[in-house]
Amino acid sequence: MASSEYKVTGMTCGHCEASVREEVGEITGVQGIQVSAQTGTLVVTADQPVDDAAVLSAVEEAGYTAVRV
């Protein structure tokens with residue numbers, strides 16, 4: 001399993017977390033998603049390394065901005 005951590009800005013509530021989780025969950029190979037509006041973190045776990053550009057694009061699609069930590 002491979003995991004990647006991202007810093008997400010703009011999330012303020014559970015709905016924000018759900019939006020990010022839904023968009024990132026559509027990426028092929030993603031096995032787990034931990035997202036926290038309180039800490040502004042996103043951890044993506046997959047069976048093999050996930051393309052950072054795909055994750056950043058998914059977060060942007062949800063309406064937020066992310067950078068790889």
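Reader: How many bridges join β2 to β3, and which way do the two run?
Author: Six bridges join them, and β2 and β3 run antiparallel. Strands here are DSSP runs of E with at least two residues, helices are runs of H or I with at least four, and both are numbered from the N terminus. Two strands pair if DSSP finds at least two bridges between them. Keep in mind that this is a predicted model, where local features need pLDDT of at least 70, side-chain atom pairs count only at pLDDT 80 or more, and totals for chains, interfaces and linings use all residues. Residues are numbered from 1 along each chain as its sequence is written, and side-chain values use heavy atoms, with hydrogens and water left out.

Reader: Got a bridge I can click on in that β2-β3 pair? And what sits in the hairpin?
Author: Try Gly32, whose bridge partner in β3 is Thr45. The hairpin of β2 and β3 has four residues between the strands, and Gly40 there takes a positive phi near 70°.

Reader: What's the strand order in the whole sheet?
Author: It reads β2-β3-β1-β4, an open sheet of four strands with antiparallel pairing. β2 (30-36) and β4 (65-68) are the edge strands, each with a single partner, so one side of each has no neighbour in the sheet. From one strand to the next the twist averages 25°.

Reader: What does β1 pair with, and over how many bridges?
Author: β1 (residues 2-9) pairs with β4 in the antiparallel sense over four bridges, and with β3, also antiparallel, over six. On the β4 side, Thr9 has Thr65 as its bridge partner. On the β3 side, Ala2 is matched with Ala46.

Reader: OK, helices. Where do they lie?
Author: Helix α1 (residues 14-24) lies across β2 and β3 (41-46), at about 160° to β2. Helix α2 (residues 52-61) lies across β1, β3 and β4, at about 160° to β4. Those angles run from 0 to 180 degrees between N-to-C directions, using axes fitted to C-alpha atoms, for helices over the stretch in contact. Contact means heavy atoms within 4.5 Å.

Reader: Which residues of β3 are on the covered face?
Author: Leu42, Val44 and Ala46 are on the covered face, while Thr41, Val43 and Thr45 are on the uncovered one. In a regular strand the side chains alternate between the two faces of the sheet.

Reader: Switching topic: how many disulfides are there?
Author: The count is zero, with a disulfide taken as a pair of cysteine sulfur atoms within 2.5 Å. Cys13 is in none, and its nearest cysteine sulfur, on Cys16, is 3.5 Å away. Cys16 is likewise in no disulfide, with the sulfur of Cys13 at 3.5 Å.

Reader: Are those two cysteines buried or exposed?
Author: Cys13 is partly exposed at 32% relative accessibility, whereas Cys16 is buried at 6%. Buried means under 20% relative accessible area, exposed over 50%, and partly exposed in between, with a 1.4 Å probe and protein chains only. Cys13 is in the loop between β1 and α1. From Cys13 to Thr28 is 15 residues in sequence and 26 Å in space, C-alpha to C-alpha.

Reader: What about Ser4, where is it and what does it touch?
Author: Ser4 is in strand β1, and at 9% relative accessibility it counts as buried. Beyond its neighbours within four places in sequence, Ser4 contacts Leu42, Val43, Val44 and Arg68.

Reader: And Val67, buried or exposed?
Author: In between: Val67 is partly exposed, with a relative accessible area of 48%. Val67 belongs to strand β4. Not counting residues up to four places away in sequence, Val67 touches Glu5, Tyr6, Lys7 and Leu56. Asp52 is 15 residues from Val67 along the chain, and their C-alpha atoms are separated by 9.0 Å.

Reader: Zooming out, what's the overall pattern?
Author: Along the sequence it goes β-α-β-β-α-β. The radius of gyration, taken over C-alpha atoms, is 10 Å, close to the 11 Å from the globule rule for 69 residues, so the protein is as compact as a globular protein of that length. That rule is 2.2 Å times the number of residues to the power 0.38.

Reader: How much of it is buried?
Author: Buried residues make up 38% of the 69 residues.
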